Amino acid sequence: MVAAVSLPSQAQAVLRSRLCDPVFIHSALSSSLDTNYSKLKYLVASSVSEACNNSVLLLGPRGCGKAAVVDMVLDDLKEEHPDAISVEIARQLCLEHQLSFSKMASSDDNTEFMIDMLRECGLAHKTILFILEEFDLFAQGKQRLLYSLLDAMQSLTSQAVVIGVSCRLDADQLLEKRVRSRFSHRKLLFISPSLDDIQRLVEHLLILAKDSGLPSKYIADYNSRLTSIFSDKKFKGCLNSLMDADATTSNIQRFLFRAVSYMDMESGFLSVESFLKALSSMQRQPKMDSLQDLSILELYILVCMHRLESKEQTSYNFTSIMKDPYKTPIRLLINMQAPFVLGWRNQALEYRPVKLLISSRELAESLKLNTTCPAVLQKLFDRERYM
C-alpha cells in the first residue's frame, strides 16, 4: 500500500526540481534583448541564416552561468533550425558521414579531417558549432588547433561558429598574433549579479506559479508568506552575507536548495529561519579556523589586501601591498622574521597578482578571535571598514 505524499513534500519537490534545472534558473534571461543569452543567440542565428563564420568568447568567473546560457541558445536554435546546425565531435561526424574513426590519428590527420568536414558541411549549407570550454587551455603552447580552425574558417566554403568559454578575462590576450588576427574579437562578459539581480533571481526561483500542480489556496498562502520574508531585515542580511562570500548564480542556487531542505514540513512553508540555517550550513568554518592561527605579519598583509579591495583594486601583488600606508609594521615584521629579505628591494622581482578570497565580515571575525592580533591593527581595520 502506497502512502499519499503530503502537500509540503509536493511543494518541496517542485522547488527542488526548479533549482536543479539550469534552463529554468536562467529562463528569465530570455525576456530581455540586452542579456548575454539574447546577444549570443542573435550572433549564432545570424551566422546560420546568412551562412557566415563567426567567433566569440564568453568570459566570467566560474558558476556565473556561461555554460547554461550556451545550452539554452543551442536548444533554442536546434528547434528553430533542426537541419542547419551540428554540434558534434569527431566520432559523431564520422558516423554521420560513414567515415572511419581512429584514436591513433595524428594531429595533422585530425586537422585535415576537421578542414574536410568544414568544407563538406559548408557545401551542405550546414553550420558547425565548436564549443571550446576552458578556452585558455587551448591558447597554451603553439596553438595549432586554434590557428587551423580559425584559418579554415576564412574559406568561403565553410560555415562555422567558434564559442570559447573561459573564466580568465584576459583569455583573448593569450592568443598568438596569427591566431588573434583570425579571431573576431567579440566578447560577452558575465559579471557577478547585483543585489537587485539576486533578489529577482530568488523570486523567480521560489515564487510558485498557478500551474505548479498544487492547490490554489496553498500557492496563495505560500507566495504571501514568501513575499513577507523578502522584506524581512534578517533575510536581506542573509543575501548580503552570501554576496560577500560568493555572488555567483551557482552559489545562490546551492543556498536556495539548502533553504528549501530546511522548509518547515509541519506548516509547509519557508521561513526566515530556513534561510538562516542554509546560510549557517554554507559558512566555511575551516577557513575561519585557519584564519585564527595566522601570524601578526599575515594579519597585517590581509588587512592591507582588504584595504586595496575596498578601493576597488581587483588585482594586486606584494609590491602593491608594500605601497600601502600600513607598510611600516609589515616591513619591520619582515625584517624581524627574515633578515635576509632586506635585499629584496634591490632586486627586480616580479610577484604574481592575487585576490583576497575572504569577506570583510570573515576578516573582522578572525581579527577578533586571533589572540595575537595587536589592538592597533584592530582599530585600524575598524576605522577603514566603517569610513
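## Working through the model

Leu169 sits in the loop between strand 4 and helix 9 (177-180); helices (H or I, at least four residues) and strands (E, at least two) are DSSP runs, numbered from the N terminus. We're dealing with a predicted model, where local features need pLDDT of at least 70, side-chain atom pairs count only at pLDDT 80 or more, and totals for chains, interfaces and linings use all residues. Residues are numbered from 1 along each chain as its sequence is written, and side-chain values use heavy atoms, with hydrogens and water left out.

**Exercise A: a loop residue**

Work out whether Leu169 is buried or exposed, and which patch it helps make.

*Solution.* Start with the cut-offs: buried means under 20% relative accessible area, exposed over 50%, and partly exposed in between (1.4 Å probe, protein chains only). Leu169 comes out at 57%, so it's exposed. Next, look at its partners: Leu169, Leu189 and Ile191 make a nonpolar surface patch of about 350 Å². Patches take residues with over 30% relative accessible area and no salt bridge, joining like charges within 9 Å and nonpolar side chains (Val, Leu, Ile, Met, Phe, Trp, Tyr) within 5 Å. The areas are Shrake-Rupley values with a 1.4 Å probe, and for residues only the protein chains shown count as cover.

**Exercise B: into strand 4**

Find out how strand 3 and strand 4 pair, and what surrounds Ser166.

*Solution.* First, the strands: strand 3 pairs with strand 4 (residues 160-166) in the parallel sense, over 6 bridges; DSSP must find at least two bridges for a pair. In this pairing Glu133 stands opposite Val165 of strand 4. Strand 3 (residues 127-133) has 5 of its 7 residues buried, so the rest of the structure largely encloses it.

Now for Ser166, which also belongs to strand 4. Its relative accessibility is 2%, so it's buried. Leaving out residues up to four places away in sequence, Ser166 touches Leu58, Leu59, Gly60, Lys66, Phe135, Asp136 and Ala171, where a contact means heavy atoms within 4.5 Å. With Asp136 there's a side-chain polar contact of 2.8 Å. That term covers N or O atom pairs within 3.5 Å; within protein, one must be able to donate a hydrogen and the other to accept it, and residues adjacent in sequence count only if both atoms are side-chain atoms.

**Exercise C: charged pairs**

Say how many salt bridges a search of the whole structure finds, then compare where Arg182–Asp151 and Lys217–Asp221 sit.

*Solution.* The search gives 9 salt bridges, each a side-chain nitrogen of Lys or Arg within 4 Å of a carboxyl oxygen of Asp or Glu.

- Arg182 meets Asp151 at 2.9 Å, N to O. Arg182 is in the loop between helix 9 and strand 5 (186-189) and Asp151 in helix 8 (residues 144-152), so this pair ties together parts 31 residues apart in sequence. Arg182 is partly exposed at 26%, and so is Asp151 at 32%.
- Lys217 and Asp221 bring their closest N and O atoms to 3.0 Å. They're 4 residues apart in helix 11 (residues 216-230), so about one helical turn separates them. Lys217 is exposed at 60%, while Asp221 is partly exposed at 30%.

**Exercise D: a network**

Which residues are linked with Lys41 in a network of salt bridges?

*Solution.* Asp76 and Glu80 join Lys41 in the network. For Lys41 and Glu80, the closest N and O atoms are 3.0 Å apart. Lys41 is in helix 3 (residues 36-49) and Glu80 in helix 4 (residues 66-80), 39 residues apart, which makes this a link between distant parts of the chain.
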